[in-house]
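Here is a friendly tour to read alongside the sequence and the 3D view. Keep the structure open as you go.

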Amino acid sequence: MNIIICVKHVPETAEAEIAIHSSGKKIKTEDLVFDINEWDNYALEEAVQLKEKHEGSVTAITVGSEAADSTLRKCLARGADKAIRLTDKAFEGSDSYVIARILHKVIQDLPFELILTGAQAGDDGYAQVGVVLAELLGIPHATMVKKVEPLKGFVKVNRELEGGLEEIMEVKLPALLATQTGINEPRYISIMGIRKAMKKEIQVLSLKDVGLTEEEVGESGSWITVEKMFIPPVEKKAEILTGGVDEITTKVVETLRGKGLI
Amino acid sequence: MNFELTDEQTTIKKAAREFCEKEFTPELALEFDEKEEFPMELYRKAAKLGFTSMRFPEEYGGQGYGVLEDCLVTEEMCRVDPGLGVAVTLGTLMFPDGLLKHGTEEQRRRYIPPLCTGEKICAAAFSEPEHGSDITRMDTIAKKGGNKWVINGSKEFITNAPFADFFCVLCQTDLKVTPSHRGESLFAIDRGTPGLDVTKLNGKMGIKPCVTGSLSLSDVKIPETNLIGELNKGFYYALELFDGTRIAVAAEAVGMAQGALERALNYAKERKQFGSPIIQFQGVSFKLAEMAMKIETARLITYKAAWLYDQGKMDPMITAMAKAYASRVAMDVTDEAIQIHGGYGYLADYHVERFHRCAKITEIYEGTTEIQKLTIIRSLLKRGFS
């Protein structure tokens with residue numbers, strides 16, 4: 001089974017102090033540590049496990065700068081066979097649709113049965129690239145995937161729905177699956193893996209290689225533009241609950257549930 | 001001149017960090033610090049991923065990297081936890097290095113691969129109750145009897161002794177020669193050889209998961225083929241081995257200091273006194289700046305020592321400087337980390353006191369700081385300035 005994984009090199013923002021860039025449209029990333037997008041990390045592990053069980057190859061693709069090589073090396077060290085980086089100054093400012101188009105141009109010429117992407121990216125959280133890419137390729141897709149079982153001509157997938165629901169569906173191959181975190185336990189990078197990864201070449205393709213024009217990519221090709229990005233002011237609210245123990249408990253539970261905390 | 005790690009080295013560093021941050025949990029660190037036991041399961045896991053065999057050639061199951069890459073792993077391990085870190089990195093201490101330099105092909109094939117996979121663990125037995133800094137004479141004596149060597153004596157402060165499968169032991173083989181260090185030889189001894197007894201040492205100040213023991217050797221008979229390298233060259237081999245391990249100790253010290261700094265910095269950002277985070281007070285923030293300065297300089301000289309070693313230009317003076325300097329930095333930085341934590345720093349649950357207790361060993365083992373200074377001054381006297 002030949003599998004393509006689309007990965008993104010993203011800043012780790014969970015514990016960092018975030019500051020807004022002077023353009024007001026993005027965050028400052030100079031001092032942030034970048035790594036493979038958390039969701040993609042699970043997609044990578046799933047792809048490698050599928051390859052180990054069903055043979056074939058895994059190709060990792062990213063749209064990003066040279067710095068994204070460290071994410072691709074990670075993919076290679078953990079078991080991917082090939083890596084492609086799509087890099088061009090003109091790609092900067094592309095929205096999810098353009099990113100999907102760029103990926104589509106390259107992937108349409110590659111042999112594959114399955115494409116795996118993370119369900120979303122940890123930085124912008126659009127959760128669009130996978131879905132748009134599937135549409136451009138004219139293949140079926142499933143999102144929020146938490147289990148994958150390849151069968152003859154199709155894959156059986158479990159999807160995670162809101163409220164603890166799960167659904168099982170069959171998706172005809174070739175297909176694209178956007179995987180959820182927790183779908184597997186990503187392995188550690190081994191030193192042996194690093195040794196192998198360093199011997200492999202990362203293929204780099206530019207705008208010209210991809211076959212799109214400058215107008216079709218970047219901000220000019222995008223359908224969505226970011227108007228403003230800001231850190232919402234912290235609101236401090238205190239509510240004093242009165243009444244009996246049962247009454248207070250019920251209110252607490254209701255409040256927490258209302259905020260989606262339990 | 002180039003101060004940058006290569007992509008490969010950065011990847012190694014990151015991989016080690018990721019492993020340690022997930023595996024060396026604070027709970028596990030506290031648990032093993034308390035029970036003074038070797039974290040065997042963790043060790044095997046690290047070995048399977050290649051972290052414990054960095055500097056051994058691929059043909060013997062190692063990873064084929066140099067001392068610098070080994071140091072990067074050691075630094076990250078000790079940064080996350082000094083006790084577990086030291087324990088995990090010392091499972092393959094010295095023995096393979098000695099065999100690679102002076103062992104026969106048969107000895108290498110027999111001993112090194114199972115050490116690389118983590119199935120076996122080794123120990124290097126040089127120190128004796130009466131000989132620590134001064135190993136120019138050994139009280140452990142090996143005598144030739146027929147086609148066997150018969151060994152009698154005792155060894156002290158031996159890392160991994162209670163569970164090591166293989167030992168390399170420094171013995172006196174010529175009692176008459178002067179100076180006496182020209183009569184020492186290195187031997188490989190397998191666990192279970194009759195006459196070899198091991199006792200665990202308890203109550204160490206720090207690096208408690210790295211278990212230490214004493215050896216007693218009473219008429220231990222080993223085949224002639226267990227001699228490592230040439231007869232009566234053991235002292236020189238030992239010194240040569242220390243040139244490598246001292247760099248590793250410097251890397252341990254850098255890692256410990258870095259871990260303590262990170263904890264102190266995080267604490268100083270969160271802890272509020274007089275209405276503001278204590279990092280706002282220069283009394284605290286300047287401490288942190290100084291800690292960072294010291295660590296960076298210690299790291300630079302440690303990497304330089306490792307780089308020189310890997311280039312085949314090993315410089316005992318730089319190695320001694322790296323070890324003496326980095327270990328002092330580790331002591332200073334971990335001390336200040338406790339001070340920044342105040343009363344909480346004195347508690348085990350805030351971890352920095354453990355970093356301080358562990359840091360002390362880096363000033364002692366593999367040659368005390370005073371011995372390093374002797375090496376430095378001897379080099380200065382010999383070589384002059386260019």
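**Briefing on chain B**

Chain B is built from twelve helices and ten strands. Please keep in mind that this is a predicted model. The points below go from the whole chain to its domains, then to one helix, and end with the contact to chain A.

**Overall build**

- Along its principal axes, chain B has C-alpha atoms that fill a box of roughly 80 × 50 × 40 Å.
- The radius of gyration of chain B is 21 Å, which agrees with the value near 21 Å that a compact globule of 386 residues would have.
- Of the 386 residues in chain B, 50% are buried.
- Among contacts in chain B with a separation of 6 or more, 75% join residues that are 24 or more positions apart.

**Domains**

- The chain is divided into three parts: domain 1 of chain B covers 7-117, domain 2 covers 122-232 and domain 3 covers 236-383.
- Between domain 1 of chain B and domain 3 of chain B, the C-alpha centres lie 20 Å apart.
- Where these two domains of chain B touch, 24 residues of domain 1 are in contact with 26 residues of domain 3.
- On the domain 1 side of that contact, at least two residues each come from H2, helix H4 (67-80), H5 and helix H6 (95-102) of chain B.
- H4(B) gives the most to this side of domain 1, with eleven residues.
- By class, the residues on the side of domain 1 of chain B that touches domain 3 are eleven nonpolar, six polar and seven charged.

**A mostly covered helix**

- Helix H11 of chain B spans residues 352-359, and seven of its eight residues are buried.
- Which residues of H11(B) are buried? They are B:Val352, B:Glu353, B:Arg354, B:Phe355, B:His356, B:Cys358 and B:Ala359.
- The buried residues of H11(B) pack against four helices of chain B, namely H2 (26-35), H5 (82-89), H8 (234-270) and H10 (316-341).
- Two of these packing partners, H2 and H5 of chain B, also supply residues to the side of domain 1 that touches domain 3.

**Contact with chain A**

- How many residues does each chain bring to the contact? Chain B brings twelve residues and chain A brings eleven residues.
- The side of chain B that touches chain A is made up of six nonpolar, three polar and three charged residues.

Note on methods:
Residues numbered from 1 in each chain as written. Chains lettered and ligands numbered in written order. Predicted model: local features only at pLDDT ≥ 70, side-chain atom pairs only at ≥ 80, totals over all residues. Contact = placed C-beta atoms within 7 Å. Nonpolar A, V, L, I, M, F, W, Y, C, P; charged D, E, K, R; others polar. Buried ≥ 20, exposed ≤ 12 C-beta atoms within 10 Å, placed from the backbone. Rg over C-alpha atoms; globule rule 2.2 N^0.38 Å. Domains from an automatic or database assignment.
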